[in-house]
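I wanted to look up which charged side chains pair with each other here, and how far each partner is covered by the rest of the protein. These are my entries, written in the order in which I checked things.

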Amino acid sequence: MSFQKIKSSTSRCFDISTAALHIIAMLFMLMDHLWATLLPAQEWLTCVGRIAFPIFAFMSVEGYFHTHNFKKYLLRMLVFAVISEIPFDLMYGGTWFYPVHQNVIWTFILGLLGIHIMETVRKKKKTPVFVLTAILVTIAGGLLGTLTMVDYYGAGVLTVLLFYFTNRRKATDYIIQLIGMYFLNVKMLGGYYFTITVLGHEFEIVQQGLALFALIPIWLYHEKQGYHSKWFQYVCYLFYPVHMLVIYVVWQLIG
């Protein structure tokens with residue numbers, strides 16, 4: 001059997017669909033939010049939860065390229081960003097209005113607006129202008145993400161843009177994704193370190209660096225939609241605000 005046939009066979013065995021990616025990301029996000037509220041002693045939950053955001057960032061880019069109407073896609077994101085803000089504020093800030101941190105859908109919106117600007121320029125086939133636009137959008141995206149205090153800040157917006165720049169699924173794209181994810185999560189976001197012992201040797205691990213494991217399901221995705229329906233689509237959107245509101249209510253009842 002040739003290498004190409006083995007590769008194709010392996011790919012079919014481990015394919016992850018769009019629906020599966022959404023479910024994986026929602027599950028890991030739930031685990032992270034449970035750690036942040038109801039189960040703070042279970043640190044493994046947030047370790048696993050690091051995987052959620054990059055998958056959602058990747059899927060937002062996929063959504064851009066597969067939507068038939070960007071304006072409707074963006075409007076839907078805006079509606080759910082507004083709906084999600086109060087549950088997010090309650091869960092993270094314990095108040096109805098928490099202006100120093102915005103929910104993650106705003107992060108995706110900033111990234112998608114940047115992508116739309118670049119795609120509009122790219123379609124005019126003026127490479128020098130596109131390169132200049134890409135540089136300016138990347139700088140602006142990082143700054144706006146930090147200044148507006150969206151979830152994951154500028155690094156979050158840059159994660160969305162990273163998956164846009166590497167959407168061809170070539171070997172070089174995977175290498176750039178790995179390097180980019182390392183820089184964004186370990187160098188930019190950094191944060192809490194923990195120590196693990198392997199064969200008698202101790203290693204310090206940046207907890208946020210565990211987000212790099214999100215690349216495994218992302219690389220196993222080959223644009224297969226899997227299960228799809230309108231109700232499932234809206235369940236995916238509604239899961240974000242609803243699960244935060246439920247967590248907050250339970251947290252208050254047992255707190």
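I began with Asp173, which counts as buried because its relative accessibility is 1%, under the 20% cut-off for that word. The model I am reading is predicted, so I take every value as computed from it.

Next I looked up the partner of Asp173 and found a salt bridge with Arg168, in which the closest N and O atoms are 3.1 Å apart. Arg168 has 49% relative accessibility and therefore counts as partly exposed, since exposed would need over 50%.

I then followed the salt bridges that share partners, and noted that they join Glu62, Arg169 and Glu223 into one network.

Within that network I checked Glu62 and Arg169, whose salt bridge has its closest N and O atoms 2.9 Å apart. This pair links distant parts of the chain, as Glu62 lies in helix α4 and Arg169 in the loop between α8 (153–165) and α9 (171–189), 107 residues apart. Is Glu62 buried or exposed? I found 6% relative accessibility for Glu62, so it counts as buried, whereas Arg169, at 23%, counts as partly exposed.

Another entry concerns Asp32 and Arg50, whose side chains meet in a salt bridge of 2.7 Å, N to O. Here too distant parts of the chain are linked, with Asp32 in helix α2 (residues 18–37) and Arg50 in the loop between α3 (43–49) and α4 (52–66), 18 residues apart. I noted both Asp32 and Arg50 as buried.

Finally, I searched the whole structure and recorded 6 salt bridges.

Key. Residues are numbered from 1 along each chain as its sequence is written. This is a predicted model: local features need pLDDT of at least 70, side-chain atom pairs count only at pLDDT 80 or more; totals for chains, interfaces and linings use all residues. Side-chain values use heavy atoms; hydrogens and water are left out. A salt bridge is a side-chain nitrogen of Lys or Arg within 4 Å of a carboxyl oxygen of Asp or Glu. Helices (H or I, at least four residues) and strands (E, at least two) are DSSP runs, numbered from the N terminus. Buried means under 20% relative accessible area, exposed over 50%, partly exposed in between (1.4 Å probe, protein chains only).
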